[in-house]
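Got the viewer open? Let's take a walk through this chain, one selection at a time.

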Amino acid sequence: MSAVAINHLFGLPETIEKLILPISRSGEGNNESRGGGGSNNNIPIDILESSKEYIFYLDIPGISKSDIQVTVEEERTLVIKSNGKRKRDDDNESEEGSKYIRLERRLAQNLVKKFRLPEDADVAAVTAKYQEGVLSVVVKKLPPQPPKPKTVQIAVS
């Protein structure tokens with residue numbers, strides 16, 4: 001589904017759309033994923049917003065935890081990378097006369113996902129957990145800042 005369709009469906013203002021939709025929707029930032037194995041735009045991700053945090057859920061089964069990197073780059077960009085490769089279970093094929101007749105499960109290669117974080121995201125409080133093929137990245141929210149009153153001087157003319 002395109003960003004325009006999501007925006008129309010949920011009535012998201014453009015500013016919110018830019019915060020929660022991946023940078024890659026406009027073609028920027030995902031050039032690294034095009035080498036060696038195709039695009040990773042089809043890797044599913046869910047983003048949950050609660051009153052205290054944003055949680056990113058990403059399905060990447062079969063990859064070692066040590067092959068996954070989660071960083072926050074300049075301009076509040078959350079980056080999820082993995083150069084790990086899932087290995088096929090070739091033990092079954094090693095038997096004489098055995099061969100795969102259908103291969104549909106993709107082997108993830110050079111995963112790069114980037115997301116702009118909203119202004120209320122606490123980039124110093126980012127945690128990640130990888131369990132049963134699901135990466136969960138939690139970004140805490142900063143406490144809301146009360147608006148500061150501004151005194152305006154009145155000019156006499």
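How many of the six residues of strand β4 (residues 77-82) are buried? Select that strand and have a look: five of them are, leaving β4 mostly covered. Keep in mind as you click around that this is a predicted model.

**Either side of β4**

Keep β4 selected and add strand β3, residues 68-73. The two run antiparallel, with six bridges joining them. For one of the pairings, pick glutamate 73: its bridge partner in β4 is threonine 77.

Now add strand β5, residues 111-116. It also pairs with β4 over six bridges, in the antiparallel sense. To check the register here, show isoleucine 80 and lysine 113: the isoleucine stands opposite that lysine, which belongs to β5.

**The hairpin turn**

Zoom in on the link between β3 and β4, a hairpin with three residues between the strands. Glutamate 75 is the one to click for its backbone angles, since its phi is positive, near 60°.

Stay here and show the side chain of threonine 77, which sits in strand β4. Is threonine 77 buried or exposed? Its relative accessibility is 9%, so it counts as buried, the cut-off being under 20%. A polar atom of the threonine 77 side chain also lies 3.4 Å from the backbone oxygen of glutamate 74, so draw that distance if you like.

**The four-stranded sheet**

Next, hide that region and bring up β1, β2, β7 and β6. In that order they make an open sheet with antiparallel pairing. Why does one side of β1 (45-49) and of β6 (121-131) lack a neighbour in the sheet? Both stand at the edges with a single partner strand each, so one side is left free of a sheet neighbour. Turn the view to look across the strands and you can follow the twist, which averages 15° from one strand to the next.

For the inner pair, select β2 (residues 53-59) and β7 (residues 134-141): they run antiparallel and are joined by seven bridges. One place to click is aspartate 59, whose bridge partner in β7 is valine 134.

**Zooming out**

Finally, show the whole chain and colour by secondary structure. You'll find two helices and seven strands, running α-α-β-β-β-β-β-β-β from the N terminus. Switch to a surface: about 11300 Å² is accessible, and 52% of that belongs to carbon and sulfur atoms. Of the 157 residues, 27% count as buried. As for contacts between residues at least 6 apart in sequence, 56% join residues at least 24 apart.

Methods
Residues are numbered from 1 along each chain as its sequence is written. This is a predicted model: local features need pLDDT of at least 70, side-chain atom pairs count only at pLDDT 80 or more; totals for chains, interfaces and linings use all residues. Side-chain values use heavy atoms; hydrogens and water are left out. Two strands pair if DSSP finds at least two bridges between them. Axes are lines fitted to C-alpha atoms, for helices over the stretch in contact, and angles run from 0 to 180 degrees between N-to-C directions. Buried means under 20% relative accessible area, exposed over 50%, partly exposed in between (1.4 Å probe, protein chains only). A polar contact is a pair of N or O atoms within 3.5 Å; within protein, one must be able to donate a hydrogen and the other to accept it, and residues adjacent in sequence count only if both atoms are side-chain atoms. Contact means heavy atoms within 4.5 Å. Accessible areas come from the Shrake-Rupley method with a 1.4 Å probe; for residues, only the protein chains shown count as cover.
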